[in-house]
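The following questions and answers examine selected local features of one protein model. Each answer sets out its reasoning before it closes on the value or name requested.

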Amino acid sequence: MRSESSDAAPDAAVEPGTLLVAAPSLTDSNFRRTVVFVIDHRGEGTLGVVLNRPSEVPVDDVLPSWGPHVTNPGSVFVGGPVEQKTALCLAAMRTGEEASGVKGLIGVRGPVALVDLDADPDSLVPKFRGLRVFAGYAGWDVGQVAGEIERGDWIVVPALPSDVLAPADQDLWGRVLRRQGMPLALLATHPGDVRSN
(Lines give C-alpha, C1' and ligand atoms only; values in the text may rest on other atoms or scores of the structure.)
Protein backbone atom coordinates (compact mmCIF):
# COMPACT_ATOMS: atom_id res chain seq x y z
CA MET A 1 0.00 0.00 0.00
CA ARG A 2 1.40 3.38 -1.00
CA SER A 3 1.32 6.25 1.42
CA GLU A 4 -0.47 9.43 0.42
CA SER A 5 2.76 11.41 0.51
CA SER A 6 4.24 9.28 -2.27
CA ASP A 7 1.36 10.39 -4.53
CA ALA A 8 2.29 14.07 -4.09
CA ALA A 9 4.24 15.85 -6.81
CA PRO A 10 8.00 15.96 -6.09
CA ASP A 11 7.78 19.76 -5.87
CA ALA A 12 4.67 19.83 -3.64
CA ALA A 13 6.68 21.32 -0.74
CA VAL A 14 8.20 24.07 -2.93
CA GLU A 15 6.58 27.44 -2.38
CA PRO A 16 7.69 31.04 -1.97
CA GLY A 17 9.89 31.28 1.10
CA THR A 18 11.22 27.74 1.03
CA LEU A 19 14.83 26.76 0.36
CA LEU A 20 16.22 24.45 -2.27
CA VAL A 21 19.41 23.06 -0.75
CA ALA A 22 21.81 21.44 -3.21
CA ALA A 23 22.34 17.76 -2.44
CA PRO A 24 26.02 16.77 -2.05
CA SER A 25 25.68 14.84 -5.33
CA LEU A 26 24.78 18.02 -7.29
CA THR A 27 28.06 18.98 -8.92
CA ASP A 28 26.85 21.58 -11.46
CA SER A 29 29.24 24.52 -10.90
CA ASN A 30 26.32 27.00 -10.81
CA PHE A 31 24.67 25.22 -7.91
CA ARG A 32 27.24 23.11 -6.06
CA ARG A 33 26.65 23.49 -2.28
CA THR A 34 24.18 26.32 -2.82
CA VAL A 35 21.11 27.38 -0.91
CA VAL A 36 18.39 28.84 -3.16
CA PHE A 37 15.61 30.99 -1.69
CA VAL A 38 12.40 30.42 -3.69
CA ILE A 39 10.74 33.73 -4.60
CA ASP A 40 8.03 32.34 -6.90
CA HIS A 41 6.75 28.87 -7.75
CA ARG A 42 3.71 28.32 -9.94
CA GLY A 43 2.49 26.71 -13.15
CA GLU A 44 4.84 28.72 -15.35
CA GLY A 45 7.94 27.68 -13.42
CA THR A 46 10.10 28.52 -10.43
CA LEU A 47 12.32 31.51 -9.63
CA GLY A 48 14.77 31.93 -6.78
CA VAL A 49 18.13 33.38 -5.80
CA VAL A 50 21.27 31.69 -4.53
CA LEU A 51 21.88 33.03 -1.01
CA ASN A 52 25.48 31.96 -0.48
CA ARG A 53 27.52 33.28 -3.42
CA PRO A 54 28.92 36.75 -2.66
CA SER A 55 30.77 38.47 -5.49
CA GLU A 56 33.65 40.94 -5.29
CA VAL A 57 31.47 43.74 -6.74
CA PRO A 58 30.35 46.35 -4.18
CA VAL A 59 26.67 47.31 -4.40
CA ASP A 60 27.93 50.94 -4.29
CA ASP A 61 29.47 50.43 -7.75
CA VAL A 62 26.25 49.34 -9.44
CA LEU A 63 23.45 50.80 -7.31
CA PRO A 64 24.97 53.76 -5.43
CA SER A 65 21.67 54.82 -3.83
CA TRP A 66 21.25 51.36 -2.27
CA GLY A 67 24.90 50.65 -1.45
CA PRO A 68 24.95 52.31 1.99
CA HIS A 69 21.92 50.28 3.09
CA VAL A 70 22.84 46.68 2.25
CA THR A 71 23.72 44.13 4.91
CA ASN A 72 27.42 43.26 5.25
CA PRO A 73 29.28 42.41 3.21
CA GLY A 74 28.30 45.31 0.98
CA SER A 75 28.74 43.24 -2.15
CA VAL A 76 26.34 42.02 -4.81
CA PHE A 77 25.56 38.31 -4.45
CA VAL A 78 25.41 36.04 -7.50
CA GLY A 79 21.73 35.08 -7.50
CA GLY A 80 22.07 32.53 -10.26
CA PRO A 81 23.12 31.93 -13.84
CA VAL A 82 20.06 33.56 -15.50
CA GLU A 83 20.16 37.24 -16.59
CA GLN A 84 23.17 38.22 -14.49
CA LYS A 85 22.83 41.84 -15.56
CA THR A 86 19.45 41.95 -13.77
CA ALA A 87 19.43 42.94 -10.10
CA LEU A 88 16.97 41.59 -7.54
CA CYS A 89 16.79 42.72 -3.94
CA LEU A 90 15.40 40.87 -0.93
CA ALA A 91 14.78 42.51 2.43
CA ALA A 92 13.87 41.20 5.86
CA MET A 93 11.27 43.50 7.39
CA ARG A 94 11.60 44.80 10.93
CA THR A 95 9.24 43.34 13.53
CA GLY A 96 5.84 45.00 13.18
CA GLU A 97 6.44 46.09 9.57
CA GLU A 98 4.59 44.46 6.67
CA ALA A 99 5.24 44.56 2.94
CA SER A 100 1.59 44.43 1.89
CA GLY A 101 0.30 47.75 0.67
CA VAL A 102 3.75 49.40 0.64
CA LYS A 103 4.69 50.85 -2.74
CA GLY A 104 7.98 49.33 -3.88
CA LEU A 105 7.61 46.06 -1.95
CA ILE A 106 6.18 42.67 -2.82
CA GLY A 107 5.81 40.26 0.08
CA VAL A 108 7.37 36.84 -0.54
CA ARG A 109 6.68 35.09 2.76
CA GLY A 110 6.59 36.25 6.35
CA PRO A 111 8.94 39.18 6.86
CA VAL A 112 10.81 38.64 3.55
CA ALA A 113 9.97 40.97 0.66
CA LEU A 114 11.15 41.67 -2.85
CA VAL A 115 12.27 45.31 -3.18
CA ASP A 116 11.79 47.49 -6.27
CA LEU A 117 15.27 48.95 -6.80
CA ASP A 118 13.75 51.89 -8.70
CA ALA A 119 11.97 52.97 -5.51
CA ASP A 120 13.37 55.60 -3.14
CA PRO A 121 15.58 53.80 -0.59
CA ASP A 122 15.03 56.51 2.03
CA SER A 123 11.31 55.72 2.27
CA LEU A 124 11.79 51.93 2.46
CA VAL A 125 15.03 51.30 4.37
CA PRO A 126 13.60 52.26 7.82
CA LYS A 127 11.19 49.32 7.44
CA PHE A 128 14.04 46.80 6.94
CA ARG A 129 16.15 44.82 9.34
CA GLY A 130 18.48 44.17 6.42
CA LEU A 131 18.63 43.77 2.67
CA ARG A 132 20.71 42.07 0.03
CA VAL A 133 21.14 42.64 -3.71
CA PHE A 134 21.52 39.73 -6.15
CA ALA A 135 22.78 39.75 -9.74
CA GLY A 136 20.81 37.25 -11.79
CA TYR A 137 18.59 34.47 -10.56
CA ALA A 138 17.96 30.74 -10.73
CA GLY A 139 15.02 29.80 -12.91
CA TRP A 140 13.30 26.57 -13.82
CA ASP A 141 10.69 25.90 -16.51
CA VAL A 142 7.43 24.06 -15.88
CA GLY A 143 8.12 20.69 -14.25
CA GLN A 144 11.90 21.17 -14.29
CA VAL A 145 12.37 21.69 -10.56
CA ALA A 146 10.09 18.70 -9.85
CA GLY A 147 12.31 16.52 -12.06
CA GLU A 148 15.48 17.74 -10.32
CA ILE A 149 13.98 17.09 -6.87
CA GLU A 150 12.87 13.62 -7.94
CA ARG A 151 16.39 12.94 -9.24
CA GLY A 152 17.76 13.88 -5.80
CA ASP A 153 19.49 17.15 -6.77
CA TRP A 154 17.62 19.34 -4.27
CA ILE A 155 16.37 19.05 -0.71
CA VAL A 156 13.34 21.26 0.06
CA VAL A 157 13.35 22.79 3.55
CA PRO A 158 11.72 25.80 5.26
CA ALA A 159 13.65 29.07 5.22
CA LEU A 160 14.32 31.37 8.15
CA PRO A 161 14.23 35.12 7.43
CA SER A 162 17.84 35.30 8.69
CA ASP A 163 18.93 32.97 5.84
CA VAL A 164 18.39 35.83 3.39
CA LEU A 165 20.91 37.95 5.32
CA ALA A 166 23.34 35.20 6.37
CA PRO A 167 26.96 36.39 6.75
CA ALA A 168 29.05 35.61 3.67
CA ASP A 169 31.78 33.95 5.73
CA GLN A 170 29.33 31.47 7.25
CA ASP A 171 28.69 28.01 5.77
CA LEU A 172 24.99 28.59 5.11
CA TRP A 173 24.68 25.26 3.26
CA GLY A 174 25.95 23.31 6.27
CA ARG A 175 24.00 25.41 8.78
CA VAL A 176 20.68 24.89 6.98
CA LEU A 177 21.24 21.13 6.73
CA ARG A 178 22.33 20.80 10.38
CA ARG A 179 19.14 22.44 11.68
CA GLN A 180 16.96 19.86 9.86
CA GLY A 181 17.81 17.11 12.33
CA MET A 182 18.66 13.55 11.39
CA PRO A 183 19.22 12.14 8.81
CA LEU A 184 19.56 15.38 6.78
CA ALA A 185 21.95 16.90 9.32
CA LEU A 186 24.50 14.22 8.41
CA LEU A 187 24.74 15.66 4.89
CA ALA A 188 26.31 18.81 6.38
CA THR A 189 29.41 16.75 7.16
CA HIS A 190 29.88 15.85 3.48
CA PRO A 191 33.31 17.14 2.41
CA GLY A 192 33.38 19.81 -0.26
CA ASP A 193 35.86 17.78 -2.22
CA VAL A 194 35.79 14.03 -1.63
CA ARG A 195 39.33 13.76 -3.00
CA SER A 196 40.57 15.66 0.07
CA ASN A 197 38.73 13.34 2.46
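A residue counts as buried under 20% relative accessible area, as exposed over 50%, and as partly exposed in between. The model is predicted.

Q: Is Glu83 buried, partly exposed or exposed?
A: Glu83 is found in strand β6, which covers residues 82-93. Its relative accessible area is 48%. Because the range between 20% and 50% defines the middle class, Glu83 is partly exposed.

Q: What is the approximate phi of Glu83?
A: Most residues other than glycine have a negative phi. Glu83 is not a glycine, yet its phi is positive, at about 45 degrees.

Q: Which residue in the loop between β1 and β2 has a positive phi although it is not a glycine?
A: The loop in question lies between β1 (18-22) and β2 (35-42). The residue has a phi of about 55 degrees and is not a glycine. It is Arg33.

Q: Is Thr46 buried or exposed?
A: Thr46 belongs to strand β3, residues 45-50. Its relative accessibility is 6%. Since the limit for burial is under 20%, Thr46 counts as buried.

Q: With which side chain does the side chain of Thr46 make a polar contact?
A: Leaving aside neighbours within four places in sequence, Thr46 is in contact with Val14, Val38, Asp40, His41, Ala138, Gly139, Trp140 and Val145. A polar contact between side chains, at 2.6 Å, joins Thr46 to His41.

Q: Which residues are linked with Asp40 in a network of salt bridges?
A: Asp40 is partly exposed at 24% relative accessibility. The side chain of Asp40 meets that of Arg42 in a salt bridge, with an N to O distance of 2.6 Å. The network that includes Asp40 also holds Arg42 and Glu44.

Q: How many salt bridges does the structure hold?
A: One of them joins the side chains of Asp153 and Arg151 at 2.4 Å, N to O. Another joins the side chains of Asp163 and Arg179. The structure holds 7.

Q: Which residue of the salt bridge between Asp153 and Arg151 is exposed?
A: Asp153 has a relative accessibility of 9% and therefore counts as buried. Arg151 has a relative accessibility of 59%. As the cut-off for exposed is over 50%, the exposed residue is Arg151.

Q: How many residues apart in sequence are the parts that the pair Asp163 and Arg179 ties together?
A: The side chains of Asp163 and Arg179 meet in a salt bridge of 2.6 Å, N to O. Asp163 lies in the loop between β10 (154-158) and α5 (172-178), whereas Arg179 lies in the loop between α5 and α6 (184-187), so the parts that the pair ties together are apart in sequence by 16 residues.

Q: What is the relative accessible area of Asp163?
A: Arg179, its salt-bridge partner, is partly exposed at 31% relative accessibility. Asp163 is buried, with a relative accessible area of 0%.

Q: What is the approximate omega of the peptide bond that joins Asn72 and Pro73?
A: Most peptide bonds are trans. Pro73 lies in the loop between α2 (59-62) and β5 (75-78). The bond that joins Asn72 and Pro73 is cis, and its omega is about -5 degrees.

Q: Which residue precedes Pro183 across a cis peptide bond?
A: Pro183 is found in the loop between α5 and α6. The cis peptide bond leading to Pro183 has an omega near 0 degrees. The bond runs from Met182.

Notes: Residues numbered from 1 in each chain as written. Predicted model: local features only at pLDDT ≥ 70, side-chain atom pairs only at ≥ 80, totals over all residues. Heavy atoms only, no water. Helix = DSSP H or I, 4+ residues; strand = E, 2+ residues; numbered from the N terminus. Buried < 20%, exposed > 50% of the residue type's maximum accessible area, 1.4 Å probe, protein only. Polar contact = N/O pair within 3.5 Å; in protein donor to acceptor, adjacent residues only side chain to side chain. Contact = heavy atoms within 4.5 Å. Salt bridge = Lys/Arg side-chain N within 4 Å of Asp/Glu carboxyl O.
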